[in-house]
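Here is a short set of questions and answers to work through. Keep the sequence and the 3D view open as you read.

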Amino acid sequence: MNFEEICRKLSKCQTEPDLITIPDIFDFKEPDITKWLAYLLDPEKNGFGNAPLNALLKLAKADDIPEYQEIQITREYHFSETGIIDLLIETPDRIIGIEHKLWSGET
């Protein structure tokens, strides 16, 4: 499955209109979730190694990142004057960008 197919499937996802989420309960903002994701995906900090990042890659049908590879995670990465991505994950052989939006539709 390629990226466009994943986006099409996500755009058809429906949620309950009055669903209460963890960000709702604790009044989390987007930067809070970005910090949490960066921690969870960082094998140097999370105590689980590459397992969380590789689980995410598995969902995208991508190959695992070996334990020995260096991984750099940057929050709020500025790639142009106006372009910012929430998380940039870099390894010697790949670049992974994660942009998330709380309380928005899957578009």
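Q: Which residue follows H4 and has a positive phi?
A: This model is predicted. Look just past the end of H4. The residue there has a positive phi, near 60 degrees. It is Lys61.

Q: Which residues of H4 are buried?
A: Buried means under 20% relative accessible area. In H4, that label goes to Pro52, Leu53, Asn54 and Leu57.

Q: What do the buried residues of H4 pack against?
A: Start from the buried residues of H4, among them Leu53. Their packing partners are one helix and two strands. These are H3, E2 and E3.

Q: Which element gives the most residues to the largest nonpolar core?
A: This core has 13 residues. H3 (30–41), H4 (51–59), E2 (84–91) and E3 (94–98) each supply at least two of them. With four residues, the top contributor is H3.

Q: Which core members touch the most other members?
A: Look among the 13 residues of the largest nonpolar core. Five of them stand out by the number of other members they touch. They are Leu41, Leu53, Ile73, Leu87 and Ile89.

Q: Which residues does Ile89 contact, leaving aside neighbours within four places in sequence?
A: Ile89 is itself one of the core members that touch the most others. Its contacts include Leu41, Leu53 and Ile73, which are also on that list of core members. The full set for Ile89 is Leu41, Leu53, Ile71, Gln72, Ile73, Arg94, Ile95, Ile96 and Ile98.

Q: How many residues of E2 are buried?
A: E2 has eight residues. The strand is mostly covered. The buried count is six.

Q: How many bridges join E1 to E2?
A: E1 and E2 run antiparallel. A hairpin of five residues links them. Tyr77 stands opposite Ile85 in E2. The number of bridges joining E1 to E2 is six.

Q: Which residue in E3 is the bridge partner of Thr91?
A: E2 and E3 pair in the antiparallel sense, over five bridges. Two residues lie between them in the hairpin. Across from Thr91, the partner in E3 is Arg94.

Q: Is Gln69 buried or exposed?
A: Gln69 sits in the loop between H4 and E1 (72–78). Not counting residues up to four places away in sequence, Gln69 touches Thr91, Pro92 and Asp93. Its relative accessible area is 16%. The cut-off is under 20%, so Gln69 is buried.

Key: Residues are numbered from 1 along each chain as its sequence is written. This is a predicted model: local features need pLDDT of at least 70, side-chain atom pairs count only at pLDDT 80 or more; totals for chains, interfaces and linings use all residues. Side-chain values use heavy atoms; hydrogens and water are left out. A nonpolar core is a set of buried Ala, Val, Leu, Ile, Met, Phe, Trp, Tyr and Cys residues joined through side-chain atoms within 4.5 Å. Buried means under 20% relative accessible area, exposed over 50%, partly exposed in between (1.4 Å probe, protein chains only). Contact means heavy atoms within 4.5 Å. Two strands pair if DSSP finds at least two bridges between them.
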